[in-house]
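Biologist: Could you take me on a close tour of one part of this model, the place where its domains meet? I would also like to hear what lies on either side of that meeting place.

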Amino acid sequence: MKKWNLVIDVAKCFNCNCCALACHDEYHGNRFPGYADEMAKLGQRWIDILQRETGQVPMVEVSYLPVMCNHCDNPPCLKAAKDGAVVKRDDGIVLIVPEKARGQRQIVDACPYNAVFWNEEKQLPQAWPFDAHLLDQGWTRTRGAQVCPTQAMRTLKVSDEEMRAIAAREGLEVLSPETGAKPRVHYRNLANFYSVFIGGALAREVAGVSECAAGVKVALLKHNQLVEEQESDTFGEFRFRRLKRDSGTYTLRVAEAKFAMEVEVKQDSVYLGAIDLAPARKPAPVTN
């Protein structure tokens with residue numbers, strides 16, 4: 001059987017918030033019996049964009065992570081709910097039934113992703129319902145996927161076998177798999193949000209002036225094994241990305257200058273600043 005999935009490419013999200021605004025537009029002031037009650041005007045973001053900054057000035061990276069109800073295949077909220085207040089549909093969508101969920105605060109507390117909100121006025125747990133009322137009318141994409149200018153969101157209705165193949169082919173991941181909730185929201189380039197980098201800038205003296213050293217090979221090693229090698233760019237900068245937090249000590253080598261240093265990676269990225277290379281040698285005179 002084909003089931004609904006959402007694929008989000010973290011590398012394509014630039015925090016425009018179109019998906020969050022479309023969600024607010026759809027659910028604030030509107031009621032969809034059996035699917036969702038009215039969303040509160042303030043204090044709730046059923047689709048939210050998390051932001052993370054890493055690095056030090058002037059080398060800083062900002063990444064964004066759209067988050068929402070994961071429509072898990074093993075939803076903790078379903079186990080916590082009483083009287084059928086949460087249902088898991090055959091097409092993969094999880095719904096908090098507004099007519100049955102009133103007063104059940106435990107549904108909010110059960111979500112390991114903090115994706116269920118408590119509407120104090122209505123005494124109701126609420127979450128993004130995957131725009132199920134629109135999909136049931138024949139829509140093929142959620143509103144967030146429709147309005148995303150970079151197509152960072154993709155709505156897929158495929159079998160579980162097909163989804164596993166897509167996930168393997170595209171390197172998709174889910175948030176906090178250790179919870180055992182088995183989300184149906186998948187992420188591409190998730191490491192962009194959680195990883196760190198080691199970066200710096202190379203400079204050399206040319207005619208008495210410090211200039212950017214472009215095209216210089218820089219290598220990053222760990223336990224004497226090459227992790228990556230790259231060349232400095234036009235501005236002399238290099239940046240080794242997608243390193244894990246708290247991954248320990250690396251060795252940075254610049255062969256041209258016979259330069260090496262150890263760099264320890266903890267929770268944040270490491271900017272090494274400007275690294276001065278030895279003055280460039282003057283070419284030997286040409287003799288006939």
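Modeller: Gladly. In this predicted model, the chain is split into domain 1, residues 3-193, and domain 2, residues 196-277. Their C-alpha centres are 39 Å apart, and the contact draws on 13 residues from domain 1 and 15 residues from domain 2.

How much area do domain 1 and domain 2 bury between them? The figure is about 1000 Å², with 46% of it on carbon and sulfur atoms. The size of an interface is often given in just this way, as the accessible area lost when the parts come together. On the domain 1 side, Gln-56, Met-59 and Glu-61 lose the most area to domain 2, and together they account for 54% of what that side buries.

Those three residues lead us to a hairpin. Strand β2 covers residues 48-56, and β3 covers residues 59-67. The two strands form a hairpin with two residues between them, and they pair in the antiparallel sense over nine bridges. Within this pairing, Leu-50 has Leu-65 of β3 as its bridge partner.

Now for the charges at the meeting place. Across the interface of domain 1 and domain 2, the rule finds two salt bridges. Glu-61, one of the residues that lose the most area on the domain 1 side, makes a salt bridge with Arg-239, at 3.1 Å from N to O. Arg-239 also meets the side chain of Glu-237 in a salt bridge, here at 3.9 Å from N to O. Glu-237 counts as partly exposed because its relative accessibility is 26%. As a general point, side chains of opposite charge can pair when their charged atoms come close.

From the hairpin we can follow β3 inwards. β3 is among the elements that give two or more residues to the largest nonpolar core, alongside β1 (3-9), α1 (18-27), β5 (94-96), α4 (106-110), β6 (117-119), α5 (132-135) and β9 (185-188). This core has 51 residues, and the members that touch the most others are Tyr-27, Trp-46, Leu-65, Met-68, Ile-107, Trp-128 and Tyr-187. Leu-65 is therefore a useful landmark for you: Leu-65 is the bridge partner of Leu-50 and is also on that list of core residues, whose members are buried by definition. In soluble globular proteins, nonpolar side chains tend to be buried together.

Tyr-187 is another good place to stop. Leaving aside residues up to four places away in sequence, Tyr-187 touches Ile-8, Val-10, Leu-65, Pro-66, Val-67, Met-68, Gly-171, Leu-172, Glu-173 and Leu-175. Glu-173, one of these neighbours, sits in the loop between α7 and β9. With a relative accessible area of 39%, Glu-173 is partly exposed. With the same allowance for sequence neighbours, Glu-173 touches Val-185, His-186, Tyr-187, Leu-190 and Ala-191. The C-alpha atoms of Glu-173 and Met-1 are 22 Å apart, with their positions 172 residues apart along the chain.

Met-1 brings us to another loop residue, Ser-159, which lies between β8 (153-158) and α7 (160-170). Beyond residues up to four places away in sequence, Ser-159 touches Met-1, Lys-2 and Lys-3. Ser-159 counts as buried because its relative accessibility is 19%, and the cut-off for buried is under 20%. Lys-3 takes part in a network of salt bridges together with Asp-73, Lys-88, Asp-160 and Arg-184.

Elsewhere, Asp-37 and Arg-31 form a salt bridge, their closest N and O atoms being 3.1 Å apart. Here Asp-37 is buried, at a relative accessible area of 5%, whereas Arg-31 counts as exposed at 57% relative accessibility.

Let us finish with domain 2, residues 196-277. Here Arg-204 and Glu-256 meet through their side chains in a salt bridge, at 2.5 Å from N to O. This pair links distant parts of the chain, 52 residues apart: Arg-204 is in strand β10 (residues 196-206), while Glu-256 is in the loop between β15 (248-254) and β16 (259-265). Arg-204 is buried, with a relative accessible area of 16%, but Glu-256 counts as partly exposed at 48% relative accessibility. By this rule, the count of salt bridges comes to 19.

Note on methods
Residues numbered from 1 in each chain as written. Predicted model: local features only at pLDDT ≥ 70, side-chain atom pairs only at ≥ 80, totals over all residues. Heavy atoms only, no water. Core = buried A, V, L, I, M, F, W, Y, C linked by side-chain atoms within 4.5 Å. Buried < 20%, exposed > 50% of the residue type's maximum accessible area, 1.4 Å probe, protein only. Helix = DSSP H or I, 4+ residues; strand = E, 2+ residues; numbered from the N terminus. Contact = heavy atoms within 4.5 Å. Pairing = 2+ DSSP bridges. Domains from an automatic or database assignment. Buried area = accessible area lost by both parts, 1.4 Å probe. Salt bridge = Lys/Arg side-chain N within 4 Å of Asp/Glu carboxyl O.
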